[in-house]
Amino acid sequence: MSAPWISVVVPAYNEEAGIADLLATLRSRMEAYQRPYEILVVDNGSQDRTVEIVEGLADEHLRVLRNEVNRGKGFSVRRGMLDARGELRLLCDADCGPSLASLPEMLRAMEHADVIAGSRSAAGAQVDRQQPLRRRLVGWPFIALTRTLLREPTKDVYCGFKLWRDSAAEAAFSRQRLTGWVFDAEVLALARGLGYRVTEVGVAWADRRGSKLSIRQVLIPAVRELLAARTNVRAQLHAARQTRQRPDSTPDPADGSSEGAALVGDPAPATTRDTR
């Protein structure tokens, strides 16, 4: 099969109840474009029949990567993004089936960007069912903290529906270090700091009841992860800047942007490539 136009990375953990329906929806959406595609399901050590179901559906367009033990969502997405071969790479959480209706708008936005962050709060978002109020009350301050610590202007950092250009994905995910769910903030900050253009597009979305993530239980560890993310982003961007300054170095693909030299916590550059 020729190199795919788009790779869809689906992180999965104990998704036996809905994974077949999601994959059927994905296949239908991808086939409509009549271009080569691949779907990578990265199983994060599921203890149910997720792997069995996906392997039963596997073909030249669909394959499964299996973590023998639970390594964290960040590990799984990184593995999928770096194993993918597509010119475009779509992160699609297992509960983001409704968001696929917004893919055409994201593709149009990609004409002027390198990373499209799907958003449940940006203009054009169509939210069919909100998260429970108690979850939103805990989540909002954490998102505000994320944006403050990493200087990340994206409003909906943790939406699990994002479209990446291959060069941006490889640059950011190869530098990612977090393995938990806070990885979203880390890779967006890395991409933006390396000079890639990040924009936010409102997407269709509906809350799925019975989420496996309890914000209250993970809040304190997540704050520690945010601090670790800031440390890593600073180190990675500093290393990238040093590489660009060496006379014998290969230019960074995103070189030429003043933002590429900015470190998290530095004053904002005079110009920005954020297209929001």
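In which handedness of crossing does α3 pass α6? The crossing is left-handed, and one of the views below takes a look at that pair. Keep in mind that this is a predicted model.

**View 1. The whole chain, before zooming in.** The chain has eight helices and nine strands. It runs to 276 residues, and 51% of them count as buried. On the outside, the chain exposes about 12,700 Å², with carbon and sulfur atoms supplying 50% of that area. Now take the contacts with a separation of 6 or more: residues 24 or more positions apart make up 80% of them.

**View 2. The open sheet of seven strands.** Reading across the sheet, the order is β3-β2-β1-β4-β7-β5-β8, and the pairing is mixed. At the edges sit β3 (62-67) and β8 (198-202), each of which pairs on one side only. From one strand to its neighbour, the turn is 20 degrees on average, ignoring direction. As a reminder, strands of a sheet pair through backbone hydrogen bonds, either parallel or antiparallel.

**View 3. Strand β5 next to the edge strand β8.** β5 covers residues 115-119 and pairs with β8 in the parallel sense, over five bridges. To find your way around, look for Gly118, which stands opposite Val201 in β8.

**View 4. Strand β1, covered on both faces.** How many of the seven residues of β1 are buried? The count is seven of seven, so to speak a mostly covered strand. On one side you'll find Ile6, Val8, Val10 and Ala12, and on the other Ser7, Val9 and Pro11, all of them buried. β1 pairs with β2 in the parallel sense over seven bridges. One spot to pick out is Ile6, whose bridge partner in β2 is Tyr37.

**View 5. Helices α2 and α3 on the sheet.** Helix α2 (residues 50-57) lies across β1 (6-12), β2 (37-44) and β3, and runs at about 155 degrees to β3. Helix α3 (residues 73-83) packs on the sheet too, where it touches β1, β2, β3, β4 (88-92) and β7 (161-165). The direction of α3 makes about 140 degrees with that of β3.

**View 6. Where α3 meets α6.** The two helices pack at an angle of about 135 degrees, and their axes are 9 Å apart. That angle is why α3 counts as oblique to α6. From α3 come Val77, Arg78, Met81 and Leu82, which meet Ala169, Glu170 and Phe173 in α6. As for the opening question, α3 passes α6 in a left-handed crossing.

**View 7. The buried residues of α6.** Helix α6 spans residues 166-173, and its buried members are Ala168, Ala169, Ala171, Ala172 and Phe173. What do these buried residues pack against? Their partners are α3, β4, β5, β7 and α7 (183-193).

**View 8. Two loop residues with a positive phi.** Most residues other than glycine have a negative phi. Asn14 goes the other way, with a positive phi of about 50 degrees although it is not a glycine. You'll find Asn14 in the loop between β1 and α1 (19-32). Its relative accessibility is 25%, so Asn14 counts as partly exposed. Gln34, also not a glycine, has a positive phi of about 55 degrees. This residue, Gln34, sits in the loop between α1 and β2. Is Gln34 buried or exposed? At 75% relative accessibility, Gln34 counts as exposed.

Note on methods:
Residues are numbered from 1 along each chain as its sequence is written. This is a predicted model: local features need pLDDT of at least 70, side-chain atom pairs count only at pLDDT 80 or more; totals for chains, interfaces and linings use all residues. Side-chain values use heavy atoms; hydrogens and water are left out. Two strands pair if DSSP finds at least two bridges between them. Helices (H or I, at least four residues) and strands (E, at least two) are DSSP runs, numbered from the N terminus. Axes are lines fitted to C-alpha atoms, for helices over the stretch in contact, and angles run from 0 to 180 degrees between N-to-C directions. Contact means heavy atoms within 4.5 Å. Buried means under 20% relative accessible area, exposed over 50%, partly exposed in between (1.4 Å probe, protein chains only). Accessible areas come from the Shrake-Rupley method with a 1.4 Å probe; for residues, only the protein chains shown count as cover. Angles under 35 degrees count as roughly parallel, over 145 as roughly antiparallel, 65 to 115 as roughly perpendicular and the rest as oblique. A crossing is left-handed if the near helix is turned anticlockwise from the far one by less than a right angle, and right-handed if clockwise.
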